[in-house]
Amino acid sequence: MTPTGQDEIWSALPMPGVLVDAANCITAVTPAGEVFLNVASKALEGRELRSVLRLNVNLADSIARVREGRSALFHRDVQLDRDGQGIILCDLQIAPVSVDPDVMMVLLHPRQIAGKLGRAEHLKSVTKTAIGLADMLAHEIKNPLAGIAGAAQLLAMNLSAQDQEMTDLILQETRRIVALLQQVEQFGDLRPPKLRPINVHDLLERARKSASLGAAAHMRFFDDYDPSLPNSMGDADQLLQVFANLFANAAQAGGDGGRITIRTYFEQGLRLSSGRGDLAVPLQIEVIDDGPGIPEALADSVFDPFVSTRENGTGLGLALVSKIITEHNGTIVLTSKPGRTSFRISLPIAPKNAGETI
Ligand SMILES: Nc1ncnc2c1ncn2[C@@H]1O[C@H](COP(=O)(O)OP(=O)(O)O)[C@@H](O)[C@H]1O
Ligand SMILES: [Mg+2]
């Protein structure tokens with residue numbers, strides 16, 4: 001925590017800053033720091049400063065000097081290595097905080113941030129922080145919910161059938177909240193995919209079977225597979241999740257007897273340009289439904305987290321899909337009009353020496 005009475009000033013500081021204790025572990029982060037580092041303050045508190053701020057100066061030495069001399073230190077043009085986002089030039093300020101001789105304040109003045117971090121990047125980092133916070137909340141809410149459900153079950157044992165309707169309602173609603181929280185957690189917890197050779201048809205069939213027993217029980221499935229399609233590199237569990245989400249969305253959009261068509265085909269020319277150069281993504285998987293479609297105004301944002309038009313939606317389904325496909329070095333493209341909505345996934349093929357499918 002920040003020194004008493006100064007919390008408001010601390011939160012209002014417009015630059016990334018942290019307070020550290022005697023062991024140089026973080027005890028507080030400014031909101032600007034959370035956004036800058038892309039991590040929620042809860043996740044930063046308690047961590048050693050040098051594991052969070054990777055600088056080309058020896059932070060521990062500098063902080064020790066400030067502790068001894070009791071006067072602030074100013075480093076110009078320090079290089080900060082931001083996970084996956086390159087190096088940023090900053091000025092660094094270390095200053096003692098009067099209430100406790102061991103507490104030190106470390107402030108960063110990013111020098112390139114305005115130029116480098118455009119609006120899109122800024123939005124991305126704010127979203128990332130929001131997801132971090134939502135994930136943390138999800139963890140916190142699940143425990144008391146389990147308590148509520150348990151208590152309702154105990155209560156139900158001594159109640160008349162009529163009163164049990166009430167405890168059933170409590171259980172039903174807690175289950176619904178748990179399901180929502182699981183989606184949030186899943187989004188926050190997503191690990192990098194373990195890429196192995198996979199047969200997309202096997203996965204599509206598995207996902208289709210489980211959807212037709214659950215979320216898409218009222219839908220009719222059709223397939224149009226290219227049996228000669230080569231293997232892709234993928235994480236089977238994550239791709240199953242992708243297909244399940246697309247089927248669930250199609251089913252939620254479609255009425256009874258609505259159609260879901262799964263198409264696979266090979267398209268040689270498709271390439272994905274990324275920082276690492278051009279990559280061929282010739283393997284195509286299309287999930288098409290005949291529902292009302294996605295309004296044009298929404299089409300640009302459906303892959304963003306928390307965008308949903310459904311009453312009980314989290315808006316995380318397609319965000320998860322897009323995150324997983326991107327991490328598979330693939331792309332996903334939406335085209336939609338009333339009566340035909342298609343999500344087309346393009347994936348690379350497995351190299352010849354990649355081994356057997358699992
Ligand atoms: N196949 C579809 N047909 C019509 N609308 C869709 C379809 N798939 C997604 N959407 C729209 O995109 C929104 C976001 O989907 P998603 O990210 O899965 O979140 P959620 O399902 O929780 O709402 C949905 O609320 C819906 O409005
Ligand atoms: Mg969904």
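The following dialogue examines two sheets and a ligand shell in a predicted model.

Student: In the open sheet that contains β7, β9, β12, β14 and β13, which strands stand at the edges?

Tutor: Five strands make up this open sheet, in the order β7-β9-β12-β14-β13, and their pairing is mixed. A strand at either end of that order has a single partner, so one of its sides is left without a neighbour in the sheet. From one strand to the next, the twist averages 15 degrees. The edge strands are β7 (220–224) and β13 (331–337).

Student: In which sense do β7 and β9 pair, parallel or antiparallel?

Tutor: Strands of a sheet pair through backbone hydrogen bonds, in either a parallel or an antiparallel manner. Between β7 and β9 (residues 259–266) there are five bridges. Arg220 stands opposite Arg259 in β9. The sense of the pairing is parallel.

Student: At about what angle does α10 run to β12?

Tutor: Helix α10 comprises residues 236–253 and lies across β9, β12 (283–289) and β14 (340–347). Its direction relative to β12 is about 20 degrees.

Student: Which element gives the largest share of the shell around ligand 1?

Tutor: The shell around ligand 1 has 21 residues, and Asn249, Ala253, Ser308, Gly313 and Gly317 come nearest. Two elements, α10 and α12 (317–327), give two or more residues to this shell. The largest share is four residues, and it comes from α10.

Student: How many residues of the shell around ligand 1 are charged?

Tutor: The shell divides into three classes of residue. Eight are nonpolar and 11 are polar. The number of charged residues is two.

Student: Which strands stand at the edges of the sheet that contains β2, β1, β5, β4 and β3?

Tutor: This open sheet has five strands in the order β2-β1-β5-β4-β3, with antiparallel pairing. Each edge strand has a single partner strand, so one side of each lacks a neighbour in the sheet. Neighbouring strands are turned against each other by 30 degrees on average, direction ignored. The edge strands are β2 (26–29) and β3 (73–82).

Student: Which residue in β2 is the bridge partner of Leu19?

Tutor: Strand β1 (residues 17–20) pairs with β2 in the antiparallel sense, over three bridges. The bridge partner of Leu19 in β2 is Ala28.

Student: To which strand does α5 run at about 20 degrees?

Tutor: Helix α5 spans residues 59–69. The strands it lies across are β3, β4 (86–96) and β5 (104–110). The angle of about 20 degrees is the one to β4.

Definitions and conventions
Residues numbered from 1 in each chain as written. Chains lettered and ligands numbered in written order. Predicted model: local features only at pLDDT ≥ 70, side-chain atom pairs only at ≥ 80, totals over all residues. Pairing = 2+ DSSP bridges. Axes fitted to C-alpha atoms, helices over the stretch in contact; angles between N-to-C directions. Contact = placed C-beta atoms within 7 Å. Near = placed C-beta within 6 Å. Nonpolar A, V, L, I, M, F, W, Y, C, P; charged D, E, K, R; others polar.
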